Amino acid sequence: SSDLIEQQIYYGEFTKTNSQSPAVINTAYPLLFTNTEIANGVSIGGTTSQIVIAQAGLYNIATSVQITSTNAAQKSVWVWLRLNGTTNFPNSTRIASITLNNGYLVVSLNEVASLAAGDFIEVMYAADNTNVSIATVAATAFAPAAPAVILAVTQTEQ
């Protein structure tokens, strides 16, 4: 008889619980994570924008980014994923336009990527106006807090 060895699956969920605004328009910025909600083999790196993969494998990367605006003029925000600080994930950008004054809009991304041990991913953003922010909303009496960013990384196979 043969012994069955269970495959170890690695994962992590990370949040950003403070707001972040672009200093300059049309400039790429990494989003900085503040919390590890749950993790095994995926972690926040020395630079808090970097989500580090400990083991090679195929990973599902899902993120949602909450945007708010301080006036009713139209502004667009680009959100995408970057690998190892230099390589953008091809065809990963989502663009959202917001005209809501003090309203909210959520941009979601989902990518599948083959990652090597030691690789890191970043969630990048840019905007064509500085009157926007990637915003956290505090808990209310009826709902928990809404983080500025939620990122879930789940290994689907080794």
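Ser133 is buried, with a relative accessible area of 13%. That's our way into this predicted model; three exercises follow.

**Exercise 1.** Work out which strand holds Ser133 and which residues beyond its sequence neighbours it is in contact with.

*Solution.* Start with the chain: Ser133 sits in strand S12, which covers residues 132–134. Next, check burial: buried means under 20% relative accessible area, and Ser133 comes in at 13%, so it qualifies. Finally, skip anything within four places in sequence, and Ser133 still touches Gln20, Ser21, Gln66, Ile67 and Thr68.

**Exercise 2.** Decide whether Thr86 is buried or exposed, then find how far Thr86 lies from Glu122 in space.

*Solution.* First, place the residue: Thr86 belongs to the loop that links strand S7 (75–83) to strand S8 (87–88). Then take its relative accessible area, 65%. The cut-off for exposed is over 50%, so Thr86 counts as exposed. Last, go from C-alpha to C-alpha: Thr86 and Glu122 are 9.9 Å apart, with their positions 36 residues apart in sequence.

**Exercise 3.** Locate Ala116, put it in an accessibility class, and say which residues it contacts outside its sequence neighbourhood.

*Solution.* Begin with the loop between strand S10 (104–115) and strand S11 (120–127), where you'll find Ala116. Its relative accessibility is 36%, so Ala116 is partly exposed. Now look past the neighbours within four places in sequence: Ala116 is in contact with Ile53 and Ala56. To finish, try Leu58, which is 58 residues from Ala116 along the chain; their C-alpha atoms are separated by 8.9 Å.

Notes: Residues are numbered from 1 along each chain as its sequence is written. This is a predicted model: local features need pLDDT of at least 70, side-chain atom pairs count only at pLDDT 80 or more; totals for chains, interfaces and linings use all residues. Side-chain values use heavy atoms; hydrogens and water are left out. Helices (H or I, at least four residues) and strands (E, at least two) are DSSP runs, numbered from the N terminus. Buried means under 20% relative accessible area, exposed over 50%, partly exposed in between (1.4 Å probe, protein chains only). Contact means heavy atoms within 4.5 Å.
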